[in-house]
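Biologist: I've got this model open and would like to learn how to read it feature by feature. Could you take me through it?

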Amino acid sequence: MPWVVRDAVDDINRAVGRRWQGLDQMLPGRADLPEGCAAPLVASGTNGRPAGLGICRHEHVPADTLNQTWGTAGRFSLILRMREPDASAALDDLLGQWRGHLAGLPEAGAEDTAAMISWPSRDVSGVNALLRHGMQALTVIAARPAAPAGSPDGGHRAGGDRQGLVIREAGPADLDAVTELEMGVIRYDTHFGAAIVRPATEALVRAETQAALARRPAWAWLAERDGQPVGLVHVQPPEHSGWVAGMTRPGVTVYLQTMFVRPGERGGGVGAALVRHAHGVLDARGVETTLLHYAQMNPLSAPFWSHMGYRPLWTGWEVRPAASLR
């Protein structure tokens, strides 16, 4: 890497960390730029310093992994680091350079591909540039800080206070019910482009669920009515949430991977009871931040998760196939 680029990367990593903290204190305090498929894309700025840098990374997700359910098989991601408060011009420049890069890659034209960017949700200065280049806001990473001790949402709440609803830990004997509810989330998210059911999806979900239900203490809870499971909340413990923990501030972080309520039970408080129960357990276990994804276009998700104390942290922007970037 040429010295001017190396120095620019080090300088902008520090500057972007400060910029992110000014936007949202739940964002990371440091913004390291990873290695990419080529030298960084550079947007010129004032005083000889770049206004922004971009790194393109290519990933082919194998068909025998559950990750392929949560997006396209071919993923071209632009990792961005923007220095200036108004990122619009620099972002427009970098997206134009990235379009040229992708145009030279025949594989970027394949149907099962996407060009992807994770953009801080509160950084509104870049939204119009992303739209001009044909990208769509597809997913959201939302975050919830732990409730302060003694607050109404702090502490453990026992389940079973809504018309005979019982909330209990899920265990190995619940494999069939939990797998069914996990698949319910996936099938619903296909309506919004946030999930793609593959031939191996259900078998992979079952295998992952079997391993997760064997963990103790439990990290999954079922809501039951008259002995029948009607809802599920499932959390990845801190040691399994490292893949997403870097998207937020330092501290004990977990990922809430699933919350699903059967259609006939929605609107009656089952989901809220499940999530409050989980929050009480997570707060008691010292979890500082809980992250989750939801589909931007899902009409149920944003109001529900806002009511439960979550707010958008990152927005996932995509265009499919990748070569469709304008």
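Modeller: Let's start with Ala211, which at 44% relative accessibility counts as partly exposed; that label covers what falls between buried (under 20% relative accessible area) and exposed (over 50%), using a 1.4 Å probe and protein chains only. Ala211 sits in helix H5, where helices (H or I, at least four residues) and strands (E, at least two) are DSSP runs numbered from the N terminus. Ala211 and Tyr310 are 99 residues apart in sequence and 28 Å apart in space, C-alpha to C-alpha.

Biologist: Before we go on, what should I keep in mind about the model itself?

Modeller: It is a predicted model, so local features need pLDDT of at least 70 and side-chain atom pairs count only at pLDDT 80 or more, while totals for chains, interfaces and linings use all residues. Residues are numbered from 1 along each chain as its sequence is written, and side-chain values use heavy atoms, with hydrogens and water left out.

Biologist: How do I read two helices that pack together?

Modeller: Two packed helices are described by the angle between their axes and the distance between the axes. Here, the axes of H4 (residues 175-189) and H5 (residues 201-213) come within 9 Å and cross at roughly 130 degrees. The axes are lines fitted to C-alpha atoms, for helices over the stretch in contact, with angles from 0 to 180 degrees between N-to-C directions.

Biologist: Which word describes H4 relative to H5 at that angle?

Modeller: Oblique. Under 35 degrees would be roughly parallel, over 145 roughly antiparallel, 65 to 115 roughly perpendicular, and the rest is oblique.

Biologist: And which residues of H4 and H5 make the contact?

Modeller: Contact means heavy atoms within 4.5 Å. From H4 the list includes Leu175, Val178, Glu182, Met183 and Ile186, and from H5 it includes Val205, Arg206, Thr209 and Leu213. The residues of this contact divide into 6 nonpolar, 4 polar and 5 charged. Nonpolar is Ala, Val, Leu, Ile, Met, Phe, Trp, Tyr, Cys and Pro; charged is Asp, Glu, Lys and Arg; the others, Gly among them, are polar.

Biologist: What about a single helix, say H7?

Modeller: Check its length against the expected span, which is 1.5 Å times one less than its number of residues. H7 (residues 270-284) has 15 residues and reaches 22 Å from first C-alpha to last, close to the expected 21 Å. In H7, 13 of the 15 residues are buried, so it is largely enclosed by the rest of the structure. After H7 comes Gly286, with a positive phi near 85 degrees.

Biologist: Where else should I look at phi?

Modeller: At Asp226, which isn't a glycine yet has a positive phi, near 55 degrees. Asp226 lies in the loop between E7 and strand E8 (228-236), and at 74% relative accessibility it counts as exposed.

Biologist: Is Thr253 buried or exposed?

Modeller: Buried, at 4% relative accessibility. Thr253 belongs to strand E9 (residues 253-261). Leaving aside neighbours within four places in sequence, its contacts are Pro238, Ser241, Ala245, Thr248, Thr289 and Leu291.

Biologist: Which peptide bonds deserve a check on omega?

Modeller: Try the one joining Arg216 and Pro217, which is cis with omega about 5 degrees. Pro217 lies in the loop between H5 and strand E7 (220-225). The bond from Arg320 to Pro321 is cis too, with omega near -10 degrees, and Pro321 is in the segment after strand E11 (311-319).
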